[in-house]
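Please look at the sequence and the structure shown here. The paragraphs that follow go from the whole chain to its parts.

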Amino acid sequence: MHWKARGTAEHEEGVPSPSLLALQGDDMNNVSDFLRMHAQSFPEKAALVAPKGSGEWRTLTYGELNTQVDAYAHGLQAQGIQRGDRVLFLVKPGFEFYTTLFALFRLGAIPVLLDPGMGLKNLLKCIEQIQ
């Protein structure tokens with residue numbers, strides 16, 4: 001694979017931030033492929049870190065996150081979700097948010113993020129518009 005950070009020279013070693021990457025070729029299908037690539041290259045490196053309370057931290061490695069995303073994707077697919085489906089997405093921010101979001105990306109589904117703070121009227125309007 002040949003990586004090039006947008007607006008910079010090509011990088012021979014190291015991996016720039018995924019948000020800056022532009023893959024040359026047809027090796028990638030969507031953003032979930034960046035997770036898979038990082039899980040293969042850096043399986044033990046921290047992907048998500050969040051406070052647990054009492055000064056402790058919960059960490060999920062790229063390998064663990066990728067495994068969970070595959071499991072979630074399998075479960076969602078078993079429920080009938082497939083490429084191109086629009087899926088209402090209302091998940092509290094946290095590890096499950098990212099795991100579910102990447103599982104939807106992996107399936108090629110389109111997450112429709114809902115904000116519970118938008119109020120019932122706007123929430124129902126949003127749901128109506130995506131049908």
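What does the accessible surface of the protein chain come to, and what percentage of it belongs to carbon and sulfur atoms? The accessible surface is about 8,900 Å², and carbon and sulfur atoms account for 52% of it. Keep in mind that this is a predicted model. The protein chain has 131 residues, and 32% of them are buried.

The secondary structure consists of four helices and six strands. If you follow the sequence, these elements appear in the pattern β-β-α-β-β-α-β-α-β-α. Contacts can also be sorted by how far apart the partners are along the chain. Among contacts in the protein chain with a separation of 6 or more, 49% join residues that are 24 or more positions apart.

Begin with helix H1, which covers residues 32-41. Seven of its ten residues are buried, so H1 is largely enclosed by the rest of the structure. The buried residues are Ser-32, Asp-33, Phe-34, Leu-35, Met-37, His-38 and Ala-39. Helix H1 packs against helix H3 at an angle of about 110°, and the two axes are 8 Å apart. Because angles of 65 to 115 degrees count as roughly perpendicular, H1 is described as roughly perpendicular to H3. On the H1 side the contact is made by Ser-32, Leu-35 and Arg-36, and on the H3 side by Phe-102, Phe-105 and Arg-106. Ser-32 and Leu-35 also belong to the buried residues of H1.

The next topic is the nonpolar residues. In soluble globular proteins, nonpolar side chains tend to be buried together. Here the largest nonpolar core has 18 residues, and the members that touch the most others are Leu-65, Val-69, Leu-76, Ile-81 and Leu-104. At least two residues of this core come from each of H2, E5 and H3. Helix H3 supplies the largest share, seven residues. Leu-65 can be followed outwards from the core: leaving aside neighbours within four places in sequence, Leu-65 is in contact with Leu-35, Ala-47, Leu-48, Leu-60 and Thr-99. There is also a second, separate core of five residues, and Val-112, Leu-114, Cys-126 and Ile-130 are among them.

Helix H3 spans residues 95-107, and three of its residues can be examined in turn. Phe-95 is found in this helix. Phe-95 counts as buried because its relative accessible area is 6%, and the cut-off for buried is under 20%. Leaving aside neighbours within four places in sequence, Phe-95 is in contact with Leu-48, Val-49, Ala-50, Arg-58, Thr-59 and Leu-60. One of these partners, Leu-48, is 47 residues away from Phe-95 in sequence, yet their C-alpha atoms are 7.3 Å apart.

Thr-100 also lies in H3. With a relative accessibility of 16%, Thr-100 counts as buried too. A polar atom of the Thr-100 side chain lies 2.8 Å from the backbone oxygen of Glu-96. Not counting residues up to four places away in sequence, Thr-100 touches Tyr-72 and Phe-89.

Ala-103 is the third residue of H3 to consider. Its relative accessible area is 0%, so Ala-103 is buried. Beyond four places in sequence, Ala-103 touches Val-69, Tyr-72, Ala-73 and Leu-76. Tyr-72 is thus named as a partner of Ala-103 and of Thr-100. Val-69 and Leu-76 were named above as members of the largest nonpolar core. Ala-103 and Gly-75 are 28 residues apart in sequence, and the distance between their C-alpha atoms is 9.3 Å.

Two loop residues remain. Is Ser-54 buried or exposed? Ser-54 is exposed, because its relative accessible area is 77% and the cut-off for exposed is over 50%. Ser-54 sits in the loop between strand E3 (46-53) and strand E4 (56-61). The phi angle of Ser-54 is near 55°, a positive value in a residue other than glycine.

Gly-84 is in the loop between helix H2 (62-78) and strand E5 (86-89). Gly-84 counts as partly exposed, because its relative accessibility is 41%. Not counting residues up to four places away in sequence, Gly-84 touches Gly-108, Ala-109 and Ile-110. Gly-84 and Leu-104 are 20 residues apart along the chain, and 9.9 Å separates their C-alpha atoms. Leu-104 was met earlier, in the largest nonpolar core.

Conventions: Residues numbered from 1 in each chain as written. Predicted model: local features only at pLDDT ≥ 70, side-chain atom pairs only at ≥ 80, totals over all residues. Heavy atoms only, no water. Buried < 20%, exposed > 50% of the residue type's maximum accessible area, 1.4 Å probe, protein only. Contact = heavy atoms within 4.5 Å. Areas by Shrake-Rupley, 256 points an atom, 1.4 Å probe, with all protein chains shown as cover. Core = buried A, V, L, I, M, F, W, Y, C linked by side-chain atoms within 4.5 Å. Polar contact = N/O pair within 3.5 Å; in protein donor to acceptor, adjacent residues only side chain to side chain. Axes fitted to C-alpha atoms, helices over the stretch in contact; angles between N-to-C directions. Parallel < 35°, antiparallel > 145°, perpendicular 65-115°, else oblique.
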